[in-house]
Each structure stands twice: as structure tokens, then as C-alpha cells.
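The report below goes through the voids of a single protein model and then a selection of its helices and strands. The model is shown first, and the discussion follows directly after it.

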Amino acid sequence: MAAAGSFDHRKYKQYQPMSLKDRTWPDKTLNKAPIWCSVDLRDGNQALIQPMSVEQKVTMFNMLVKLGFKQIEIGFPSAAQPEFDFARRLIEENLIPDDVTIQVLVQAREHLIERTFESLRGVKRAIVHVYNSTSTVQRQQTFAMSKEQIAAIAVQGATWVQEYAAKHPETEWTFQYSPESFTGTEIDYAIDVCNQVIETWNPKDTGKVIINLPATVEMSTPNVFADQIEYMCRGLSQRDHVIVSLHTHNDRGCGVAATELGLMAGADRVEGALLGNGERTGNMDIVTLAMNLYSQGIDPELDFSNVQEMIDICTACTNLPVHPRHPWVGELVYTAFSGSHQDAIRKSLQYHSDENLPHWQVAYLPINPADLGRDYEAVVRINSQSGKGGVAHVLERDYGIELPKWMHGHVSQVVQKAAEVSGDEISSKAIHQLFVDNFIETPTQWALNGYSLNSQDNLTIANFKIGDRKFEGKGQGALEALAQAISSELGVELKVTQFDEHALTQGTDSKAISSVCIDVDGKQSVACFIHEDTTTANLQALLSAVGRSGLNLLSQQAESA
């Protein structure tokens, strides 16, 4: 039954896949980077509310070169004066490196092709990308033309490109053709049109040509697109002299997946934009595809090691924000708030370090964030959903405070309560302060003001000055002697149930942290202390725990008097 109102699925029909029974792409794997072509300065630019200025385009171009792109589509020089001016500036100011080829787009119209070649005068090397739409909808509804008429436009455009290129023999030209709206074109007709263009250019005599197959509108699942690409690769004439290129859009949210499967199906080249910028839902995201390869041990031949610089330039030039959950480079993609995730990350990082593993294998982190210029501050962040492992990780990561496992729950409870009260994320600085206030800070009356130790009959005989009061005790070591002294003098039952000490730093000025859990008349209490002297750290941690148990030395002193 159809839904009420205008939301009625019956107005749409399913995309009909082609029948390719002997497909081979499902058995293929990606093992190298494709030829990359950035279209940020053309497809990405035309999708902006406010197109880039020439200065912004120069900034973006320089960044694309720095990232490692060897082919960059710089615009549509015949469409607008700023586009023309940008092409001239790159050429006249020698801003194009010798190993970089610029690409320009032009419709299959002679006056536009003529203007395009004028914009490229003096360039060392360029790709001229000519196109016309071939889809059923465009033929019938936009142009009211037959298949033969549309194919004639493609051939005529290819001929004009060839003729104008011949007037500039000083430039190394590469020709590229796109049957725009390829995924809306009958597949055999698409092959026929492309083959007519290929025969016009005759690449076996003139060099390779590029046939670009754009999913101008993403209309099917990625596997169907892969079938189309494999079928096209089989049907294109002079295939050894043809570079098959992909230009997917993201209308169904599958632009990257479609491109990956298209490469498995035989494509050689990829056009896309950084961070997926492009019309409607965007172009294929080059950053995502490149990092997908990188995470599988494949060199993407693009350098995203300083990803924040790339993001800053992109956002400044496009005025578009980057989603915090954007794959690979979003602000929060390496952040874990969940307690179980935090604990797994902390343990896995430690295991990775201890075992010196040859390959990265860390829970919840498919790559090392440091590879993108990110540090580990973002990996574990704390809110009310976080667990004990995450809090311990933050203290160890940012302050070098490695707590024994039995302390994790005690500290986490304090931090979680603060997070629940605030309703917000708790910063690393705030976590440290909560730890100091609740576990390190010494109750004034329980400050250790001096001690002396002597050994007698395998026992430690100790004298302590706590506040203004003196205590004497004995036991197997200083800590037991102090516990015995307090129990005896104040008439309580005090037991040390957990204890840990270790060095925080190395060298002559190293400090130790002691952690103590005690039971005072059935009430549990925990405290820590940091000091250069290990014995002082142990004793003061115990005294602080006693003070935090609620035992009041001053009132006990008054009762004693």
C-alpha cells in the first residue's frame, strides 16, 4: 500500500542491470594506485555557492601539486573569464611543474574548443577533455535528437579538437572524451559512440587517448557499475592504446565503492575531488579512496601525511566544512568515547609496542593516526559514556601517570560523575585535576612531617610525626609499621588491601608514585602520592587514604587527651 501524500515509491522504477554472466572483476583485488586526476578546480569549483577566486585557485593548485597529483583539471576556460585567466596565469607564470599535466574541459562546440586552445597557448603539455551527453533522457528530453545525431556531435567534437591541436605542435596533447551521463546510456550505444571517437583520434598512431566513463548521476549499486566498466573495457577498440577513466558521483552514497569496483573491472584512471566536494552529493572522494589503498599496504602515490594543512586550505578555498565523521580525516574518526573501545585501544597499543609487531594491528584503529599528522590526543576522549580504561589511558598518555589496574575503577567513577554533572566532554586537564583533588591532595591533618626507621629482629621499628602528633609502630616494613601505629593509637582496625609503587621518571631526579587501598573498620579508601623519596610516597599515600576514609585525627587526639 502506498504511503499517504507525495512520498510514493511507485513513481520510480528500478534501474535495470546488464546481463554479464562471465564477469571477472569479483575475483580481482586492487594492488596499485590508479592514475589520479583531481577535478577540485573544475567540478569541485562549479559546485560552490561562491566559486574560487583566481588567487584561491592558485593556492589550491599548489596544494594539489604538493600532495602528488600529476594530472589536474584546472577548469572550463571557455565558460567564464576567471577560468580563462586562471589558465593563462598558470602558463605565463610557469606555475606548472614539468611532471604535472593540466586538463581542461570543453563541450563539443567549435567556438568553445577554439577558445579553449587559446587559453592553453604556450603550455608544455595538456589534456583536452571534450564531452557531450549521450543518455536516453538527454537525447529525448533535452536535445530531441536521435542516436545518430548525438554520435555525430561526439565525432565532430573529436575532429575539431584534433584540428586545433595540430595548430599548436609545440605542445604535447592528450585527448579525452566523456559520454556524459554514461550510466544513463544504453551500454552498446555508449561503446559505439566511444569507438567512433577512438577511430577519429586513432591512438595507435598518435598515442594514448582517454575514454572517461562518468557516473554523472549515480543510478545503481556499485556491482552494476563494475559490470558496465568490464563490458566497456572488452568492447572498446584499440584498448591497448586507451586509458579507461572513471568519474563517479555520490548520489547513492556509493561513489568510492563504485570506483573501487570499477578499477577491479579494468579501469586505469580516476577523476575525483578532495573530501568529496562536487555537485549534489559530491564527487568521488579521492582522500577516502587513497587512504583505503594505504590501509591495505598499497602506496596511494599521494601524500596525506599533513592532512590538517590540506583541510585548512580546502575549507579556506571552498568555504565548506569537513564533517567530523568524514572517513579517515574527520576530527572524531580516531576518537573513542565508549569505555570498552577505550580499554581495547589502550591494551592494543601497549601490546603493539611490547611485541614490536611488524604490521599495524590495533583495535578500532585501522591505521596509525600519526601517519596523517594526527597525535594520540584525539584517540581517547572522555565523557559520561567512557570507561575506566579510557581515563587511565589519558592520565598515562598526557601526564605519565600509570595507575595499577585496581585503581582504574576508583578514578573512573570520580571522572564519570563529573561528566554526568556537566553533561559534556571532560578535558585531559580536567581529568588530571580531578585525579589530584580526589587521590593526590593530602588532607592537612594527615600530612607526614617526619619519620625514622630502625631494624630490629627482622622488624621495622618506626617513629612518625603526623601533623603535630607522634606515632610509633612496628611491622614488616615502613608501611606495615605505620598501619600498625595508627591502628594501635587510634583504636581502629586498618588493613592495607592493595599497594603499588613505581617510578614515573628516570634519572637522579626521578619521582615515584605510590597507590594504596585500605580498609578502615570495613570502609574502603584509596589514595596516591608522588615524591622523590619512595618511602615518603608510600607513607603519605597511606596517610592520605586514612584521611579520605573520614577518620579525623584532631577529634581522635581530643578524645585521647
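## The largest pocket

The lining of the largest pocket in this predicted model is made up of seven nonpolar, ten polar and two charged residues. The volume of this pocket is about 580 Å³, and of the 19 residues that line the pocket, Y15, T183, G184, T185 and M219 are the closest to its centre. Helix α5, which spans residues 136–143, supplies the largest share of the lining, namely three residues.

## The cavity

Where the pocket is open, a cavity is a space that the probe cannot leave, and the count of cavities of 30 Å³ or more comes to one. The largest cavity has a volume of about 60 Å³, and its lining consists of T183, A215, V217, E218, M219, S220, T221, F225, T248, H249 and A258. Sorted by residue class, this lining holds five nonpolar residues, five polar ones and one charged one.

T183 and M219 appear in both descriptions: they line the largest cavity, and they are also among the residues closest to the centre of the largest pocket.

## Helices α3 and α4

Helix α3 (residues 81–92) and helix α4 have axes that come within 9 Å of each other and cross at roughly 35°. On the α3 side the contact involves Q81, F84, A87, R88 and I91, which meet R115, E118 and S119 on the α4 side. The residues of this contact comprise three nonpolar, two polar and three charged.

Helix α4 covers residues 110–119 and includes E114. Is E114 buried, partly exposed or exposed? With a relative accessible area of 43%, E114 falls between the limits of 20% and 50% and is therefore partly exposed. Along the chain, E114 and T174 are 60 residues apart, while their C-alpha atoms are separated by 16 Å.

## The β10–β11 hairpin

Strand β10 (residues 459–466) pairs with β11 in the antiparallel sense, and seven bridges join the two strands. One of the paired positions is I461, whose bridge partner in β11 is K474. Two residues lie between the strands of this hairpin, in which G467 takes a positive phi near 60°.

Strand β11 (residues 469–475) has two distinct faces, with R469, F471, G473 and G475 on the covered face and K470, E472 and K474 on the uncovered one. K474, the bridge partner of I461, thus belongs to the uncovered face of β11.

Note on methods:
Residues numbered from 1 in each chain as written. Predicted model: local features only at pLDDT ≥ 70, side-chain atom pairs only at ≥ 80, totals over all residues. Heavy atoms only, no water. 1 Å grid on protein atoms, 1.4 Å probe; cavity = no way out; pocket = protein on both sides within 12 Å on 5 of 7 lines; lining within 4 Å. Points joined across faces, edges and corners; volume = space filled by probe spheres on them. Nonpolar A, V, L, I, M, F, W, Y, C, P; charged D, E, K, R; others polar. Helix = DSSP H or I, 4+ residues; strand = E, 2+ residues; numbered from the N terminus. Buried < 20%, exposed > 50% of the residue type's maximum accessible area, 1.4 Å probe, protein only. Pairing = 2+ DSSP bridges. Axes fitted to C-alpha atoms, helices over the stretch in contact; angles between N-to-C directions. Contact = heavy atoms within 4.5 Å.
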